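Thanks for making the time this morning. I would like to walk you through one model, going slowly and keeping to what can be read from its coordinates, so please have it open in front of you.

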Amino acid sequence: MTDSPQPSPSSVDDLVATVARLRAPGGCPWDAEQTHESLVQYLTEETHELIEAIESGSSDDLLEELGDVLYQVVFHASIAAETPGEGFDIQDVAARMTQKMVGRHPHVFGDAAEQSLEAVVAGWDDVKAVEKPHRTSVLDGIPQGMPALALADKVLGRAQKIGLLETDAPALLPIDSEAELGPILLAIVSAAKAQGLDSERALRTALRDLQKEIRAAEQGEADGSFTEGDQPWDDDASDAGIIGLPRV
């Protein structure tokens, strides 16, 4: 009886084997010495290069940069497989991700009826609440190391989800497109630089204050002491919703 041929390893299998060989005794000394922490700078760099490739529209650059990010994931998984107390590999990473995506899409993989985009997005919050019961604030899970503009967008989005910021409030600035928004943001940064001000730090400081307000509002609602007319912030600045965004 002839044994059935073994399937050829996939390109991903080859990449995993390549990383393992580089980190093994007799491999590359630099690769062998790396840790999760030492690789953070490279993950950050490769992520930004991937974003640039996406925005440039070059499919060849996109192919290369996706590979660089994938390499970082495989590298971290290889380290974890050899680290006491971690002990997982790339297969475990893939399995966890598959489980998460299946669980978050009951309308695709389960018995739930077909849903609209709005219903799907709303359902994700419910699923996440079950997955992560230790989170007590809508702000939990937001990486504070994000660039300030991205962090601002995330924080404001969370505030809107729980009604602390009105989604249909009048726009503070009459901006209709990103083509209009870009020059305005650039002008703000330019004006700040001319005055010796740090735009990134200023926005982060404002976001820290905003997040304190959101947590205070959540706590007030949790213990029943909060009413919309009883904010711990400046009532005169609350025309954009419960959260006190500044007048312009």
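Let me begin with a single side chain, Glu200, which has a relative accessible area of 39% and therefore counts as partly exposed. I should say at once that this is a predicted model, so please hear every value I quote as one computed from that prediction.

What does the side chain of Glu200 meet? It meets the side chain of Arg204 in a salt bridge, with 3.4 Å from N to O. Both residues sit in helix α10, and because they are four residues apart there, about one helical turn separates them. Arg204, for its part, is partly exposed as well, at a relative accessible area of 21%, and since the cut-off for buried is under 20%, that value of 21% keeps Arg204 in the partly exposed class.

By the rule applied here, the count comes to four salt bridges, and I will describe two others besides the one you have just seen. In one of these, the side chains of Asp198 and Arg201 come together at 3.5 Å, again taken from N to O. Here Asp198 is partly exposed, with a relative accessible area of 32%, whereas Arg201 reaches 53% and counts as exposed.

The other one is between Asp140 and Arg215, whose side chains meet in a salt bridge at 3.5 Å, N to O. This pair links distant parts of the chain, 75 residues apart, with Asp140 lying in the loop between α7 (117-131) and α8 (148-161), and Arg215 lying in helix α10, which covers residues 199-223. Arg215 is partly exposed, at a relative accessible area of 38%.

Let me now step back to the chain as a whole. How many helices and strands does the protein chain have? The secondary structure comes to ten helices and zero strands, so that, read along the sequence, the pattern is simply α-α-α-α-α-α-α-α-α-α. The chain has 248 residues, and of these 22% count as buried.

How do helices α3 and α4 lie relative to one another? The axes of α3, residues 40-56, and α4, residues 59-81, come within 9 Å and cross at roughly 160 degrees, which makes α3 roughly antiparallel to α4. In that arrangement, α3 passes α4 in a left-handed crossing.

Helix α4 also meets α1, residues 11-23, and here the two axes come within 10 Å and cross at roughly 55 degrees. The helices α1 and α4 are therefore oblique to each other, and the crossing in which α1 passes α4 is right-handed.

I will finish on the surface, where Leu149, Leu172, Leu173, Leu181, Ile184, Leu185 and Ile188 form a nonpolar patch, with about 540 Å² of accessible area together. Which helix gives the most to this nonpolar patch? Helix α9, residues 178-194, does, with four residues. If you would like one residue to look at, take Leu181, which has its place in helix α9 and is partly exposed, with a relative accessible area of 32%. Because a residue needs over 30% relative accessible area to enter a patch, I would note that the 32% of Leu181 is a value to read with that cut-off in mind.

That is where I will stop, and I am glad to go back to any part of the model.

Notes: Residues numbered from 1 in each chain as written. Predicted model: local features only at pLDDT ≥ 70, side-chain atom pairs only at ≥ 80, totals over all residues. Heavy atoms only, no water. Patch = residues over 30% accessible without salt bridge, like charges linked within 9 Å, V, L, I, M, F, W, Y side chains within 5 Å. Areas by Shrake-Rupley, 256 points an atom, 1.4 Å probe, with all protein chains shown as cover. Helix = DSSP H or I, 4+ residues; strand = E, 2+ residues; numbered from the N terminus. Buried < 20%, exposed > 50% of the residue type's maximum accessible area, 1.4 Å probe, protein only. Axes fitted to C-alpha atoms, helices over the stretch in contact; angles between N-to-C directions. Parallel < 35°, antiparallel > 145°, perpendicular 65-115°, else oblique. Left-handed = near helix turned anticlockwise from the far one by under 90°.
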